[in-house]
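Dear colleague,

Please find the structure we discussed below. My notes on its internal spaces and helix packing follow directly after it.

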Amino acid sequence: MTTATTGRTTVRGAVGTAHTRIEGRDKVTGAARYAGEIPFADLAHGWLVLSTVTRGRVRSVETGPVLDMPGVLTVLHHGNAPRLTTDYVGMLGLPDPTAAVFQHDRVPHAGWPVALVVAETPEQAREAAEALVVTYAREPHDTAFVAAHPDAYAADGFMPAVTEKGDLEAELAASAHVVDAEYTTPEEHHAMMEPHAATARWDGGRLEVIDSNQGATWVQGELAKLFSLDESAVRVRSEHVGGGFGSKGVRAHQVSAVMAATTLQRPVRVVLTRRQMFSLTGYRSPTSQRVRLGADADGRLRALEHRSLNQTSTVYEFVEPSAGVARVMYDADAHRTANHVVRLDVPSPTWMRAPGEAPGSFALEAALDELAERCGVDPIELRLRNEPEAGPVSGLPFGSRNLAACFREGARRFGWADRDPRPGLRRDGRWLLGTGTAAASFGAGAGPSTALVTAEADGGFTVRIAAADIGTGARTALTLVAADALEVTPERVRVRIGDSDFGPAMIAGGSMGTRSWAWAVTAAARELRERLALGTSIPPEGITVRSDTTEALGALTQKERHAYGAQFAEVAVDTATGEVRVRRMLGIFAAGKIVNPLTARSQLVGGMTWGISMALHEEAVRDRNTGGHYGPDLAGYHVATHADVPHVEADWVDDPDPDDPVGIKGVGEIGIVGAAAAIANAVWHATGARHRSLPIRPDRILAAATGAPDA
């Protein structure tokens with residue numbers, strides 16, 4: 001722990017010490033209000049009406065009877081809604097047309113927004129929405145995701161679609177050991193506790209939106225472009241967010257709320273139901289992945305191919321870059337990766353915790369385990385033998401790569417040395433026991449951000465930044481970072497977030513939030529401290545310094561910057577019932593400087609818990625006849641619960657990023673990466689049967705026990 005001296009007071013460094021959440025008491029007592037709870041005078045309520053057909057056109061919207069119902073104020077649809085601007089490029093590229101509601105009569109998938117009913121109360125709005133009659137002209141549709149779909153094509157997304165070097169077929173032919181396998185992952189949904197909610201109102205000619213999102217300035221910019229407004233004429237506030245995981249961007253509920261508020265000239269709130277979220281807020285696409293590995297007799301890779309296919313909607317191209325994980329993890333003389341998509345009549349997928357890395361690591365790390373078995377090499381040793389010296393595709397140097405340290409520490413603590421590598425030998429009564437491991441990586445990036453730090457006349461300091469705390473503890477982390485940069489105690493720092501009026505800032509996503517915001521806060525705080533050191537007196541309004549990290553980030557040397565981890569799992573399998581139980585998990589991570597060990601450990605354990613859910617439970621299933629889901633709610637969509645998570649432990653090795661002013665890399669995503677593979681590899685070790693399709697359901701365990709192919 002570091003110390004700094006300010007005047008006569010010695011201040012011990014706050015970063016790296018455990019602190020409870022600053023807003024924790026407010027959250028557990030109900031004082032913290034979320035987007036759907038904040039009161040407004042004269043508030044009206046909107047309820048979205050979604051299409052009941054999979055593909056076609058809206059022929060008519062019978063608004064007359066609904067407008068006569070009690071409390072109904074208006075019904076917006078493609079025939080009367082305000083026109084939007086959609087031909088722009090936003091923060092994350094072209095906008096998803098799903099959010100640009102009521103602009104035409106086309107229906108590209110089941111659950112497409114066709115109308116918004118606005119009434120005095122939510123009950124009146126819901127009743128009227130359910131009574132609204134919409135007729136359609138139906139068209140043929142295709143919702144079937146299959147590995148060999150004839151319309152699949154290579155797509156770039158946020159990385160090149162294809163990378164390749166060397167002669168893949170020649171190296172495979174020359175390899176002593178070859179793995180060639182198909183792996184599949186299902187459609188998965190974010191399922192955060194707080195639903196999507198937004199309230200829009202006009203205040204003195206300025207649009208204000210109270211929202212639950214992952215970036216206030218992101219939503220501000222998108223709404224300004226959609227409604228052809230200057231960004232200064234839009235304010236977005238999002239103080240408390242009950243989970244996001246990638247889905248809380250610009251969606252139909254915010255846009256429709258703004259439309260209704262503009263039409264009625266009064267505040268309008270739109271809250272999505274859990275079932276509506278399954279259609280309107282994105283999901284992780286199912287994937288079909290083929291991995292081919294070729295190695296010499298010692299297990300060193302000569303050939304690596306990782307191909308992935310995901311589905312996207314017909315109106316928006318989204319790539320789940322599952323093959324991207326191979327581009328940074330392992331090298332080979334011949335190396336080929338490719339991401340493909342197929343357009344189907346389904347809703348648009350979106351970012352979901354560790355997009356690409358989570359499903360991609362399942363396929364790649366399961367294949368590595370299969371290769372280790374064929375080579376007769378310990379799975380950890382195989383990975384260590386294939387540690388690259390530079391980026392396998394980029395050729396760039398690694399900023400730091402402490403994966404080996406994670407494996408060594410994890411193996412020691414998990415008791416890996418005592419493991420008999422032969423499968424199907426350990427028993428505990430009716431249970432077969434097995435252990436497995438897998439590697440993890442996730443990029444350590446940062447986005448340009450601005451921050452305001454004010455020295456107040458009362459001796460305190462106020463930090464203002466348009467950060468989003470989506471449950472990660474960002475408020476608390478930024479308080480610790482600011483305190484150290486100012487050389488004061490955390491009690492003297494007040495952090496305000498979630499307001500677009502504070503200036504542009506990176507979104508909470510890609511494990512880049514805290515890293516990006518801390519960089520901006522540190523820069524502003526250090527400059528302010530230097531000004532105060534000159535003896536500047538503080539006026540009643542305080543002294544404020546603004547930072548902008550755009551130039552600093554642009555000057556960074558190009559490197560492969562990643563967080564890493566080693567996942568370990570022990571499972572118990574009953575092959576008579578098909579039941580799989582995870583008995584314990586351990587994750588050891590190299591994830592940069594840990595700002596707040598308390599909340600960081602929660603993030604890592606949460607990610608690992610999601611890995612259990614991914615491996616054994618989560619699977620959204622569509623009816624091919626309608627394109628709709630079976631059980632689109634938290635009763636029908638199964639996630640891991642407390643009973644499924646007996647003992648999960650997360651820890652880390654020392655790994656500060658030398659190019660970051662605080663040393664941060666980010667912990668939000670890395671916990672889920674590799675977790676599902678470790679569990680699947682443990683199931684093989686317990687039973688001797690490989691499971692290449694997630695989730696590992698009881699029926700799949702039973703099928704494997706009888707020698708049937710993977711269901």
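Which residues line the second largest cavity? In this predicted model, the lining consists of His189, His190, Ala191, Met192, His196, Ser247, Arg274, Met277, Phe278, Thr281 and Gly282. By class, these are four nonpolar residues, six polar and one charged. The space inside the second largest cavity is about 60 Å³.

The count of cavities of 30 Å³ or more comes to six. The largest cavity holds about 70 Å³. Its lining is formed by Asp96, Thr98, Ala99, Val250, Arg251, Ala252, Ser279, Leu280, Thr281, Gly282, Pro347 and Ser348. Five of these residues are nonpolar, five are polar and two are charged. Thr281 and Gly282 appear in the lining of the largest cavity and also in that of the second largest.

Turning to the pockets, the second largest has a volume of about 610 Å³. It is lined by 26 residues, and those closest to its centre are Leu50, Ser51, Thr52, Arg275 and Gln276. Two or more lining residues come from each of β3 (44-50), α3 (122-131), β8 (133-138) and α7 (274-280). The greatest contribution is that of α7, with five residues. The lining comprises twelve nonpolar, nine polar and five charged residues.

Two helix pairs also merit a description. The axes of α12 (residues 474-486) and α13 (residues 513-533) come within 8 Å and cross at roughly 30°. Angles under 35 degrees count as roughly parallel, and α12 and α13 are therefore roughly parallel to each other. The crossing of α12 past α13 is right-handed. On the α12 side, the contact is made by Ala474, Ala477, Leu478, Val481, Ala482, Asp484, Ala485 and Leu486. On the α13 side, the participants are Thr514, Trp517, Ala518, Val521, Thr522, Ala525, Arg526, Leu528 and Arg529. Together, the residues of this contact are twelve nonpolar, two polar and three charged.

The second pair is α15 (residues 597-616) and α16 (residues 675-687), whose axes lie 7 Å apart at an angle of about 55°. The two helices are therefore oblique to each other, and their crossing is right-handed. Met608, Gly611, Ile612, Met614, Ala615 and Leu616 of α15 meet Ala675, Ala676 and Ile679 of α16. This contact has eight nonpolar residues, one polar and no charged.

With kind regards

Methods:
Residues are numbered from 1 along each chain as its sequence is written. This is a predicted model: local features need pLDDT of at least 70, side-chain atom pairs count only at pLDDT 80 or more; totals for chains, interfaces and linings use all residues. Side-chain values use heavy atoms; hydrogens and water are left out. On a 1 Å grid over the protein atoms alone, a cavity is a set of points where a 1.4 Å probe fits but cannot get out, and a pocket is an open set with protein on both sides within 12 Å along at least five of seven lines; lining residues have an atom within 4 Å of a point. Grid points are joined across faces, edges and corners, and a volume is the space filled by probe spheres set on the points. Helices (H or I, at least four residues) and strands (E, at least two) are DSSP runs, numbered from the N terminus. Ala, Val, Leu, Ile, Met, Phe, Trp, Tyr, Cys and Pro count as nonpolar, Asp, Glu, Lys and Arg as charged, and the others, Gly among them, as polar. Axes are lines fitted to C-alpha atoms, for helices over the stretch in contact, and angles run from 0 to 180 degrees between N-to-C directions. Angles under 35 degrees count as roughly parallel, over 145 as roughly antiparallel, 65 to 115 as roughly perpendicular and the rest as oblique. A crossing is left-handed if the near helix is turned anticlockwise from the far one by less than a right angle, and right-handed if clockwise. Contact means heavy atoms within 4.5 Å.
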